Amino acid sequence: MSTQGIRDFRPEIHFTPATGWINDPNGLVYENGNYHLFAQYYPEPVWGPMHWCHAVSQDLLHWQHLPVALYPDADGAMFSGSAVYDKENTSGFGTKEHPPIVAMYTCHGDTEQQCIAYSTDTVNFAKYTGNPVIPNAEKIDFRDPKVIPNPKGGWSVVLAAGDRVEFYASENLKEWRKTGEFGPEGNHSQGVWECPDLFPLTIDGEEKWILIVSMGRNHENHGARTQYFIGQFDGETFTCDTPWDTAEFIDQSFDNYAGVTFDNAQERIMIAWGTSWIYARQLPTGEFCGYMAMPRKMELVHTPKGGLRMATPPVAWPFQEAPCGTGDLPGELFGLKVKGSGAATIRLENSRGQHFDFGVNEKGEIFIDRSQAGYKGFNEYFFSDWYSKISAPRYYEGEWELELHFDHSICELYADQYTRAFTQLMYPDTPYTKVAVAQGKAQVEVYAAK
Ligand code: FRU
C-alpha cells in the first residue's frame with residue numbers, strides 16, 4: 001500500500017518500488033528459477049542521479065525487493081542497460097560451476113559510455129576495473145546497451161546512438177568491435193532512439209529477428225512509444241524485411257515505454273516501464289513514482305488484415321477461472337472478458353461519475369478513453385486527447401473479444417488475439433464499482449482476483 005498519494009493507488013501485481021522513483025527496466029535476466037528485474041531508480045520519488053534497483057520473482061507477478069545493485073560513481077549515473085547469465089564464464093568473472101551475471105550499463109557522465117559489472121551471487125555487483133568497455137568521446141546520445149547471444153557465437157550488443165542503433169560483437173563481454181548500424185531513415189517520430197532490443201522468434205519453422213526501439217519524446221504532443229521491426233540479423237547487422245513505415249508499436253498507449261526482454265528465459269518475455277516521460281514526474285502516487293507494465297510474451301502471428309505481426313499476451317491470467325458476475329466489480333484488482341460484433345463502449349464507473357471507457361468504435365477500431373477516468377489535478381497532458389483517447393485499427397475482422405486486466409491504477413486492454421494492447425494509468429478518486437455497456441451491444445464477464 002502507499003500512504004502519501006491522494007489515496008492508495010499501489011497496484012498488487014505490477015511492480016512498483018517500495019519508495020522512490022523508477023523508470024526503465026534494466027538487466028532482465030533469468031537464472032535457476034528466478035526472474036531478475038533491475039530498474040532505473042532514485043531513492044526519492046523524483047528522477048535523479050540514476051541507480052539500478054533490483055528485485056526477483058518466480059512468477060513475474062509478485063516481486064521481492066533486493067538491495068540496490070548499482071550506485072552512481074565518480075564517472076557518472078547508472079543509465080539503462082541489460083544483463084546476461086554468462087553460463088560458459090566467457091568473461092572469466094565467475095567459474096563454469098558458478099557462472100556470473102554480467103550487466104552492461106551506460107555510465108552517463110561527461111559523455112555516455114558503456115561499462116560492465118558482474119555478480120557471482122546474483123545480489124552483489126562489482127564494477128569492472130577496465131571500464132568503459134565501449135568508450136565514447138563525442139556522441140551526445142550513446143546508451144542503453146542490450147547484450148544478446150550472437151547467433152554465430154559469442155555476444156552482441158545493440159545500443160542506441162542518437163537517431164540509429166549500432167551493433168557490436170565480443171567473445172568475452174569485455175572487448176567489443178563495431179559490426180553495423182540500423183537507421184535513421186523512417187524515424188518518423190523524430191525523437192532520439194532509446195532502449196533497443198534484438199531477439200529471434202520462429203514462425204512457420206522460419207526464424208525472424210525482431211528489433212525493438214523506443215523512440216520519440218522530444219515533442220510534447222507526440223509522446224514516446226516502442227516500435228518493432230521484423231527482419232534478419234546475420235550476427236553483424238540488422239536488415240528490415242518490410243518497409244519502415246509498416247513498423248508498428250508494441251503497445252498503442254503511452255504508458256508503455258522502454259520495454260526489453262529477458263536473457264536466458266525459455267520464453268521471450270518483455271517488461272516495459274508503465275508510464276510516459278510526459279507526465280511521469282507528476283503522478284499522484286506519493287512515496288513511490290513509477291510502475292512496470294505487465295510482463296508479456298513476444299510471439300509472431302499472421303493476421304488477416306495486418307500481415308505478420310507481434311502478439312504480446314500477458315504472462316498470466318491472474319484471475320479466477322470462472323466469472324463472478326457481469327456488473328459489479330470485486331475490488332480494485334479484477335479481469336474482464338468482453339465479446340461483441342459491432343461498435344460498443346464498455347464503461348468502468350465510480351460513485352463520483354468518473355469513468356474509463358473502452359471498446360470498438362464506429363470505424364471498427366479498438367479504443368480506450370481515460371479522459372474522464374479520475375483525479376485531474378496533476379498534469380495537463382495526461383487528460384489531453386492525444387494521451388487519453390487512443391484508438392487503433394483491427395488486424396482481425398468480424399466478432400471481437402477484449403480482455404482487460406485492472407490493477408488499482410494501471411490496466412492493460414488486449415484485443416484481436418493480443419496483437420493489439422493498450423497499457424493505461426488512471427487515478428479514480430474512489431474505486432470503480434461497476435462495469436456497464438454504455439453504448440451498443442456486448443457481453444461482459446467479470447473475474448475476481450485469484
Ligand atoms: C529511457 C531513458 C534511457 C536512459 C534512461 C535514463 O527512458 O531515457 O535512454 O538510459 O531513461 O534514466
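These are short questions and replies about a predicted model.

Me: What makes a feature count in this model?
Reply: Local features need pLDDT of at least 70, side-chain atom pairs count only at pLDDT 80 or more, and totals for chains, interfaces and linings use all residues. Residues are numbered from 1 along each chain as its sequence is written, and side-chain values use heavy atoms, with hydrogens and water left out.

Me: What makes a residue part of the ligand's surroundings?
Reply: One of its heavy atoms must lie within 4 Å of the molecule. Here 13 residues surround the ligand, and the closest are D24, Q40, R143, D144 and E194.

Me: Why is the pair between E194 and the ligand called a polar contact?
Reply: A polar contact is a pair of N or O atoms within 3.5 Å; within protein, one must be able to donate a hydrogen and the other to accept it, and residues adjacent in sequence count only if both atoms are side-chain atoms. A side-chain N or O atom of E194 is 2.7 Å from a ligand oxygen, so the pair qualifies. The side chain of W47 has such an atom at 3.2 Å from a ligand oxygen. S80 uses a backbone N or O atom, at 3.1 Å.

Me: How much of the ligand does the protein bury?
Reply: Taken alone, the ligand exposes 320 Å², and the protein buries 98% of that. Areas come from the Shrake-Rupley method with a 1.4 Å probe; for residues, only the protein chains shown count as cover.

Me: Which elements give two or more residues to the shell?
Reply: They are β1 (20–31), β5 (77–85) and β9 (143–149). Strands are DSSP runs of E, at least two residues.

Me: How do you know that β2 and β3 pair?
Reply: Two strands pair if DSSP finds at least two bridges between them. Strand β2 (residues 34–42) and strand β3 (residues 51–57) have 7 bridges, so they pair, in the antiparallel sense. Y41 stands opposite H51 in β3.

Me: Why are β4 and β20 at the edges of the sheet?
Reply: The open sheet runs β4-β3-β2-β1-β20, with mixed pairing. β4 (64–70) and β20 (288–289) each have a single partner strand, so one side of each lacks a neighbour in the sheet.

Me: What makes L60 stand out?
Reply: Most residues other than glycine have a negative phi. Phi of L60 is near 70 degrees, a positive value. L60 is in the loop between β3 and β4.

Me: Why is the bond between N131 and P132 worth noting?
Reply: Most peptide bonds are trans. The N131 to P132 bond is cis, with omega about -5 degrees. P132 lies in the loop between β8 (126–127) and β9.

Notes: Helix = DSSP H or I, 4+ residues; strand = E, 2+ residues; numbered from the N terminus.
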